[in-house]
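Biologist: I am new to this structure. Please take a close look at one strand for me, then carry on to the other parts worth knowing.

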Amino acid sequence: MTVFITSSPFVEGADRAVLSNANGFVDRLREALPPFCRFLFVCSSPDRRDLNCQFGADVFSACADAGIYFSSFAVLDALSAENAEELVANSDFIVLAGGHVPTQNAFFQEIGLRELLEGYPGTVMGISAGSMNSADVVYVQPEEEGESDPDFPRFAPGLGLTGVNVLPHYQKVKDNILDGQRLFEDITYADSFGHTFFAIPDGSYFYQDDGQLLLFGECYCIHDGILEPLTEDGEILDMAELD
């Protein structure tokens, strides 16, 4: 299996979804996919078929504009959940949507997506929440009002595709205030004791296959209450060097 863990793979500010080739992303994605592959879009909001089809179609079109073409397109959400096993088995490229992490996580658990992806031979790309839920154990960073409460579950079982816990859109959310607290300094840093989080801005991503885990672009490492710069834009880091 090949896995792309992204913050956002799109060009910021474009009037439509356009894949960004920052840090060689499009080139590497194109190399990973077979010609005219079968595309499966897995939602984050299972009951919003309208949004799911639109988001999936946007990714489909962005890939086509980048020279990545598909022979089929399917959406996995509440309406198609009973066919989840067949949809996964009949795909070559799976995109895990962005959205609300706990909502998506609950849907993944409901359909047993972790088990369905065991031994999957294709390529998986996570976007934002989809990247966060790709981890073995997901860090559910508080996002919505009320989620800063200490009783809000901060960790959940994920898909087990990677051991990396990413915090996406760092350039946008690093100064956010949630429930009167600083999202990073007051909440996330405290949650990082005994854990390691990788905060990445849009345009940075992790690439993982059976032999390696590589980080492309700017990234910050958060562990034991400390944030440290790890890489700069344009850099490539073999994560094995951190062991």
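Modeller: What follows starts with one strand and then moves on to sheet, loops, charges and a helix. Keep in mind that this is a predicted model.

Start with strand β1, which covers residues 2–6. Is β1 enclosed or open to the outside? Five of its five residues are buried, so the rest of the structure largely encloses this strand. The cut-off behind that word is simple: a residue is buried when its relative accessible area is under 20%.

Now look at which way the side chains of β1 point. Thr2, Phe4 and Thr6 face one way. Val3 and Ile5 face the other way. Both groups are buried. There is a general pattern here. In a regular strand, side chains alternate between the two faces of the sheet.

Next come the partners of β1. Strands of a sheet pair through backbone hydrogen bonds, in a parallel or an antiparallel sense. One partner is strand β5, residues 123–127. β1 and β5 are parallel, and five bridges join them. Another partner is strand β12, residues 205–208. Here the pairing is antiparallel, over four bridges.

Val3 is a good place to see both pairings. Its bridge partner in β5 is Val124. In β12, Gln208 stands opposite Val3. So find Val3 in the view, then trace out to Val124 and to Gln208.

Move on to another sheet. An open sheet of four strands runs in the order β8-β11-β14-β15. Its pairing is mixed. Which strands form the edges? They are β8 (166–167) and β15 (226–231), and each of them pairs on one side only. Take edge strand β15 and look at its neighbour. Strand β14, residues 219–223, runs antiparallel to β15. Five bridges hold the two together. One residue pair to find is Cys219 with its bridge partner Thr231 in β15.

The other edge strand, β8, leads to a loop. His169 sits in the loop between β8 and α7 (170–173). Its phi is positive, about 55°, although His169 is not a glycine. Phe36 has a positive phi too, about 50°, and is not a glycine either. You will find Phe36 in the loop between α1 (25–32) and β2 (37–42). Phe36 counts as exposed, because its relative accessibility is 55%.

Helix α7 brings us to the charges. Lys172 lies in this helix and forms a salt bridge with Asp202. The closest N and O atoms are 3.7 Å apart. The pair links distant parts of the chain, since Asp202 is in the loop between β11 (196–199) and β12, 30 residues from Lys172. Lys172 is partly exposed at 47% relative accessible area. Asp202 is partly exposed at 22%.

How many salt bridges are there? The count is nine. Two others deserve a look. Arg154 meets Asp191, with the closest N and O atoms 2.6 Å apart. Arg154 is in the loop between β6 and β7, and Asp191 is in helix α8 (residues 183–191), so the pair ties together parts 37 residues apart in sequence. Arg154 is buried, with a relative accessible area of 13%. Asp191 is buried as well, at 16% relative accessibility. Then there is Arg48 with Asp50, joined at 2.8 Å from N to O. Arg48 is partly exposed at 36% relative accessibility. Asp50 is partly exposed at 48%.

Go back to the loop that holds Arg154. Asp151 is found there too, between β6 (137–139) and β7 (155–157). Asp151 counts as exposed, because its relative accessibility is 71%. It belongs to a patch of negative charge on the surface. Glu145, Asp149 and Asp179 gather there with Asp151.

End with a helix. Phe107 lies in helix α4, residues 101–111. Is Phe107 buried or exposed? It is buried, because its relative accessibility is 2%. Ala81 is 26 residues from Phe107 in sequence. In space, their C-alpha atoms are 9.2 Å apart.

Note on methods: Residues are numbered from 1 along each chain as its sequence is written. This is a predicted model: local features need pLDDT of at least 70, side-chain atom pairs count only at pLDDT 80 or more; totals for chains, interfaces and linings use all residues. Side-chain values use heavy atoms; hydrogens and water are left out. Patches are made of residues with over 30% relative accessible area and no salt bridge: like charges are joined within 9 Å, nonpolar side chains (Val, Leu, Ile, Met, Phe, Trp, Tyr) within 5 Å. Accessible areas come from the Shrake-Rupley method with a 1.4 Å probe; for residues, only the protein chains shown count as cover. A salt bridge is a side-chain nitrogen of Lys or Arg within 4 Å of a carboxyl oxygen of Asp or Glu. Lys and Arg count as positive and Asp and Glu as negative; His and the chain ends are not counted. The place of a charge is taken as NZ of Lys, CZ of Arg, CG of Asp or CD of Glu. Buried means under 20% relative accessible area, exposed over 50%, partly exposed in between (1.4 Å probe, protein chains only). Two strands pair if DSSP finds at least two bridges between them.
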